[in-house]
Amino acid sequence: MLEIEDLACLKGDRLLFRGLALTLAAGELLRVAGPNGVGKTSLLRLVTGLALAEAGEVRWQGVAIGRDRDAFHRDLLYLGHASALNDLLTPLENLRFACAAAGDEVDEGTCMEALVRIGLADQLDLPARVLSQGQRRRVGLARLFLSSGRRLWVLDEPFTALDVRAVADLATTLSDHCRAGGMVMLTTHQDAPFAVEPRVLDIGAYAC
Amino acid sequence: MLNTFFAVLRRDLLLAWRGRADVLVTLAFFVIVVCLFPFGVGAEPNQLRAIAPGVLWVAALLACLLSLHRLFAQDHVDGTLEQLLLSSEPAVLWVLAKVLAFWLTTGLPVVLVAPGLALLLDLEQGALPTLALSLALGTPILALLGAVGAALTLGVRGGGMLLALLILPLFVPVLIFGAGAVEAEASGTGAAAHLLLLGGGLAGALALAPLACAAALRISTD
Amino acid sequence: MNSSQRGFRIFRFAAPQVFYPLAGRLAPWFAAAAVALTLVGLWLGFVVAPTDATQGEVYRVIFIHVPAAWMSMFIYLVMAFWSAVGLVMNTRLSFVMSQALAPTGAIFCFVALWTGALWGKPTWGAYWVWDARLTSQLLLLFLYFGFIALTRAIEDPRRADRAGAIIALVGAVNVPIIYFSVKWWNTLHQGASVSLTKAPSMATTMLAGMLVMAFAAWAYTLAVTLWRVRPMILERERHTEWVGEVLEREGGRK
């Protein structure tokens, strides 16, 4: 269970939001909504522990995330704006590295399957710099297939640059993850065909 | 536990291999800086012999400094750094892996080339092994200290100059003991004390610098 | 801001709204003490203290040089201390303190170098010799510059605070290493040089003058730092209620 209590976010010298409280239980899919610049990405980064909260606390399974960072990170998958791809490496090398860096032991065959499943069968051995935006995004998203053990998925604009079919596939994957007891927290400006209508958190309500 | 360590090490070495021009540029820089000195101070062999240890060490230090920005910059831009920080394995481990890969691709070539360059400056031949050894012990310290500076200046405007200002004062002891070792060997007083101090410095830097570096990297993504 | 937002007060901050007026009240007292102590110290040093048997009148520069050198090292330690406190306890006031101290430390460092050079010319015959103390002092000045440049270059105050704290701590760990390595290097290269502080058979009045000047420097540091801390607190806390009230009270300055 993810609990957020009285969270405040300072960006530069501007207070974006404060008093934000939220509880996310197993099986829930949460969409963080609000206009540009309201602090959606900042909220996701606070939840992952990458950014420091101005006030308030984020707890995972009842423990503040800063207290047992490694345990929290074992349960967390975060895909941010940046694709975390190195241009000189192939999608396969990038994916294998991403898994190993996160602390997962995944063999090459499994990585290849994930990339094929997300529609990159023909790009396995090309350097990432020749991929299109959508294809780059997919390399990152392939990690979803390899991270079902990580319960909390925090996804920043996962649908950007994806075509209609890919959006539908991704929505199904996210719904499946929730059905299996996972949780998803995402931001998006697009409508996606989720099996169950996601819960919506409007940051605008906490804006300063 | 060492999964992440080896994954980062392997990847960074692979990247260095695919972008090997960068590595060669660092090495060429080192060679050229050393070759500039005779033009500046004159080619009188006695004088060159006297300044050789200092020149080689300062050039190695500058070569290290100028390549340090490569250490985290790309990972910072493309988001890899965030993912590494979210790893469930201790940050100290992958920081060490990155610094080790950096040293293998910039420090080690300098160590290997330096004895050859020393001949250009007419350094005592008996001091060549000491030169290589002092660089082999000293350049990892430079890389470790430099990594802290590189992490602190990530994404900061004027980062390169700032990095130099931050870490060059910290490099002074390494320079003193490193160049001192070569000079002591060349003048026949023996370099054991210098080398032992460098080794001690390396042990200390290995223990402390990755911690500071990991903390600095966490700040950089805030 | 209305009163319903008053519940928002969980700043893990050693009560800036308490410290801000306190700093304003204390600073003038320390400034007055600094002036008084400086006058006494200079009187002791330049009027009462006897002429040195070997160095003549030149030695009197130590009444400025030595306290400045002491303070420059002491301030770096205090900076490192506040940085450590800030990183461990997550108190923002500590970071502000260490950043407010840095310029003063750098100035004392510079004064020590400058007066050292002035003393060196008649004594050693050169403005600069690579004496271990002078060289360490120079490197300390570079450490101050690095700290100040880093904290000024980072836009985000919170990131600047923490990055500065780390480099201050790294510097503090390295200061003794630098000092001993330079000293070692110096003895190998030049042999012992005339040491600035070991004036032979220092008279009691000389020592008293130096101590009084050291206290003057200390009081000056406190006064200037407290004055410098105040606007820094306001800047960092400008989105809070009490800063708004303070600004209104002090004449509506923006």
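**Exercise 1.** In this predicted model, how many residues does helix α9 of chain B have, and what distance does the helix reach from its first C-alpha to its last?

*Solution.* Begin with the boundaries: α9 of chain B runs over residues 192-220, which gives 29 residues. Next, compare the spans: the helix reaches 40 Å between its end C-alpha atoms, close to the 42 Å expected at 1.5 Å a residue. Finally, examine the axis, where a kink of about 35° is centred on Ala205(B).

**Exercise 2.** Relate the transmembrane annotation of chain B to the modelled secondary structure.

*Solution.* First consult the record: an unreviewed UniProt entry lists several transmembrane regions for chain B, among them residues 21-39, 131-154 and 194-217. Then take residues 21-39 of chain B, which are 100% helix and 0% strand, with end C-alpha atoms 27 Å apart. Residues 131-154 of chain B, in turn, are 92% helix and 0% strand, and their end C-alpha atoms lie 33 Å apart.

**Exercise 3.** Describe the contact between chains A and B, concentrating on the side that belongs to chain A.

*Solution.* Count the participants first: 23 residues come from chain A and 22 residues from chain B. On the chain A side, α2 (69-74), β6 (76-79) and α3 (91-102) each supply at least two residues, and the largest share, five residues, comes from α3(A). Sorting this side by class then yields 14 nonpolar, six polar and three charged residues.

**Exercise 4.** Assess the confidence of the prediction for chain C.

*Solution.* Start with the chain as a whole, whose mean pLDDT is 83, with 87% of residues reaching 70 or more. Then locate stretches under 50, including residues 1-13 of chain C, for which the model has 14 contacts beyond four places in sequence.

Terms used: Residues numbered from 1 in each chain as written. Chains lettered and ligands numbered in written order. Predicted model: local features only at pLDDT ≥ 70, side-chain atom pairs only at ≥ 80, totals over all residues. Helix = DSSP H or I, 4+ residues; strand = E, 2+ residues; numbered from the N terminus. Expected span 1.5 Å × (residues − 1). Bend = angle between axes of the 7 residues up to and from the residue. UniProt positions renumbered as here; feature names shortened; annotations may be inferred. Nonpolar A, V, L, I, M, F, W, Y, C, P; charged D, E, K, R; others polar. pLDDT = per-residue confidence, 0-100. Contact = placed C-beta atoms within 7 Å.
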